[in-house]
Every structure is written in C-alpha cells, then in structure tokens.
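User: I'd like to go through the ligand site, the empty spaces and a bit of sheet in this model. Can you take my questions one at a time?

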Amino acid sequence: MFQYDQCLTKHLDSLKDEGNYRVFLDLERIVGQYPRAYNFGDYTSVDGKCPRNNLDPMGDITVWCSNDYLGMGQNRDVLDAMKDAIERLGAGAGGTRNISGNHHLIVELEKELADLHEKEAALVFTSGYVANEATLSTLSKLLPNCVVISDELNHASMIQGILHGKAEKRIFKHNDLEDLERVLKEIDPSRPKILAFESVYSMDGDICPIHEICDLAEKYNAFTYLDEVHAVGMYGGRGGGIADREGIMDRIDIIQGTLAKAYGVIGGYISGKRNAIDAIRSFASGFIFTTTLPPAVAAGALTSVKHLKQSDDERQMQQRRANELKELLTEAGIPFIHSETHIVPVLVKDPVLCKEVSDRLLREYDMYIQPINYPTVPKGTERLRITPGPLHTTEMLKELVSALSSIWTEIKLPRAA
Ligand SMILES: *Cc1c(COP(=O)(O)O)cnc(C)c1O
C-alpha cells in the first residue's frame, strides 16, 4: 500500500538536509514603533503562553526584511480609512465582482490606479500573484498562436501564468538585450508575442533597460507586460514605478503592480488600454470566480496610493537609508550586490551559513533578516536580503552593520575585496 505520510516526510527531509527548510517567525509588528516587532515564537517556547501584560512597548526585535517598504502599513490615514470603511460598509465584500460584490471603494481604487499609470483602465485582483497568473494565462489563450517571451528571472507568478496559458514560451537571458533580440528574430513576425518582464528585480535589486526593451518590442511588434511590483509607490514622481520615472508608461501595454508592498495593504492589479483590461475582466478565471477584496482593504489601498502620489518624503528617506547602508557595508567589507535600488542583498553564498548568520542576528542581536535560499534564488547565491526604509534610523543601520561584521569574523566568512 502506498505510504502517503512517508512520501511527504521524505520530501520535507530532503529540504532539511539541504538547509532549505523554511521556518516562519511568529511576529507582531507594532503600530507606532515599526520596524520594531514582537517575536512570539520566543515567548511560547518558554511556557506556551504569551505574557501580554509585560511586553516591552518597544518590541523585541528590529525587522530588516519587510516588503512594507515605506511603512505605509502603519500610516495613520491608511488605518483610519480602513476602520471607517469597516464601520460603513462592513467586513467582507459579499460576492464576486459580478454577483453583488462590486463595492464603490474598489471602483474608486481602480480609477485611482488607472490614473497613477496614466492608463485608460485598471483591474484589481486578490494579490499581485493572482494578477500575474490570471492575466498572463488569459492573454496567452486569447491571442491565437501566441508566443510568450519571458526574462529568465521573472517571478514565480508570471512563470505559473505562462505555464497555465499553454502558449509557446521562449526565455531570454536576464536583462540581456542581445539575447532578447535573438529570440524575437526567430519568431514568425506575424505571430502575436507577449514580452513579460519586471522593472525592479526583487532578489538582486537591479533594474531592466526599459527604454531599450520597449524599442525592441516596437521593432518586433510585441505586446509589453511589465511587473512593477517592487517599484510602485517607490519610484517616479507620483510613485508610478520605473516606467513613470523614465516617462514611458505609454510604451507599456500592461503595467502590473501590488498593493501589498510599498502600499502596505494587500491586493494586486493591472492597468492598460480599456479593451485589454476589459478582456481580462471578461475572461480571466482568477478574476471572475473569486470574491472581491473587502471594502476596508480597498479603502486602505486607495488612501495609500493617493498619499504616495503627492508625498515624496517616504521615497527620499528610503533612498537615503539604502545609500547609508551600502556605504556602511562597503566600509565594513561585507559583500553585497551593488544595486541601484532600495534592495540590498548581502551575499553569504551557502544555505547553511546563510541561516546561521540569520539565526545569530536574531538570537544575539534581536535583528531579523530572513535567509533567502534556493529555490527563491539560485544555489550558491544564498543571501540576506535587506530592505532598509524611512523608519530605520542611522543608529539602527550602524548597529546592524556592526552585528554583521562581528558575525562575519566569528564564523570566518570572506570579506569583500
Ligand atoms: C511579491 C511579488 C509578486 C506578488 O505580489 P503579491 O501582491 O505579494 O501577491 C509579483 N511579482 C513580484 C516580482 C513579486 O516580488
């Protein structure tokens, strides 16, 4: 007889053997004190209970790896908008968009997002993941005999969408224009082509050559699909992302983003021409057959998007903190990927040691950076992905680099030249 439990245990054991088994922290971020948070895993391990009454109001740990990049998850206006929406419209949406769930706040949010990207329309999904998966799979099916051309480092949600679309898939080397053109040239000019790529790549923090990619797309008549998940809210005069900063939003057919990272809430979206958005609205299973995001979520996201459209302070502070961190790491000889963005990946290049550095940071210094191992990044490039933001202080940055430097010495990791 087949041993179900044994089979699954074997899979888990192989992860553990490689040092790639994922352990989640039991966290509570503290409004008003963020990036400070409680690590409840520590309390429950003592007596199985969390001592709510004698918690340090400043929290236990400093979070260094959050995708709530700008601290909008605790922005007072965002929280008030969410509370107000709950009181006025209730907890859930009560249905899919088609069947009674199309509440006014989601309609307003889509108008706001279309305006953010200077597009005719936008469509909100449950998450950025679902937006990518649903849109790419649906587009691939709607365009007859289509080919999807995909950057080799595209996010898992795009890869899944392309897979489910069942169209022919061609991969080009990461941000490599020559390789992209080679692929484009090989495809029959009459066939529809979707060119799927990201602006800021989340694990290395590098930016695509967006103008040149658009030039190639135009030359070979490809439909451009851009994931701006790690850029919306953070780049461009109004937070419209890298395409906004570069003034070429009109050259991208569909811009995709998330409401969960810089905007600090949850949800994903696409924006583009009215017809393209209407087609996805009408045919995408992952949009049609699921309940609308709750009014409170839409209200929070709407407030956050509006705020970051007119406030540049958070963006400037984020860039300043990222630059400070890069300077401190350079001084200390800690190896990292020199990106031009807010993402600062410190390279350990070994899954077990990467977890060791992370564990020591947490146990000895109350600093939390999740180790990033395979399959999120290629084997041999294991790293600590640090995302400093406007709420980290210069003092915190210095403490972090000093802690890293001590650990580097203790476990004899190589310094940067
Ligand atoms: C996080 C992420 C997504 C998914 O967005 P969610 O809103 O978290 O589902 C999509 N693309 C990229 C590049 C991401 O890093």
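User: How far is an oxygen atom of the ligand from a polar backbone atom of Tyr 129?

Analyst: This is a predicted model, so local features need pLDDT of at least 70 and side-chain atom pairs count only at pLDDT 80 or more, while totals for chains, interfaces and linings use all residues. Residues are numbered from 1 along each chain as its sequence is written, and side-chain values use heavy atoms, with hydrogens and water left out. A polar contact here is a pair of N or O atoms within 3.5 Å; within protein, one must be able to donate a hydrogen and the other to accept it, and residues adjacent in sequence count only if both atoms are side-chain atoms. For the ligand oxygen and the backbone of Tyr 129, the distance is 2.8 Å.

User: Which residue puts a polar side-chain atom 2.4 Å from an oxygen atom of the ligand?

Analyst: Asp 227 has a polar side-chain atom 2.7 Å from the ligand, but its partner there is a nitrogen atom. The 2.4 Å contact to a ligand oxygen comes from the side chain of His 230.

User: How much of the ligand's own accessible area does the protein cover?

Analyst: Areas come from the Shrake-Rupley method with a 1.4 Å probe (for residues, only the protein chains shown count as cover). On its own the ligand has 380 Å² of accessible area. The covered part of that is 86%.

User: Which helix gives the largest share of the shell around the ligand?

Analyst: The shell has 14 residues, with Gly 128, Asp 227, His 230, Thr 258 and Lys 261 the closest; being near means having a heavy atom within 4 Å. By class they are 3 nonpolar, 8 polar and 3 charged, where Ala, Val, Leu, Ile, Met, Phe, Trp, Tyr, Cys and Pro are nonpolar, Asp, Glu, Lys and Arg charged, and the others, Gly among them, polar. Helices (H or I, at least four residues) and strands (E, at least two) are DSSP runs numbered from the N terminus. The largest share, 3 residues, belongs to residues 128-142, helix H5.

User: What element gives the largest share of the lining of the second largest pocket?

Analyst: That pocket holds about 410 Å³ of space, and 18 residues line it, including Arg 97, Glu 110 and Arg 281 among the closest to its centre. On a 1 Å grid over the protein atoms alone, a pocket is an open set with protein on both sides within 12 Å along at least five of seven lines, a cavity is a set of points where a 1.4 Å probe fits but cannot get out, and lining residues have an atom within 4 Å of a point. Its lining divides into 8 nonpolar, 3 polar and 7 charged residues. The largest share, 5 residues, comes from H10.

User: What is the volume of the largest cavity?

Analyst: There are 2 cavities of 30 Å³ or more. Residues lining the largest include Arg 97, Ile 106 and Phe 287, and S4 and H11 each supply at least two. Grid points are joined across faces, edges and corners, and a volume is the space filled by probe spheres set on the points. For the largest cavity, that comes to about 80 Å³.

User: Why do some strands of the S11-S14-S13 sheet have one side left without a neighbour?

Analyst: This is an open sheet of 3 strands with antiparallel pairing, and two strands pair if DSSP finds at least two bridges between them. S13 and S14 are joined by 2 bridges, with Pro 371 partnered by Leu 384. The strands left with a free side stand at the edges, each with a single partner strand, so they are S11 (344-347) and S13 (371-372).
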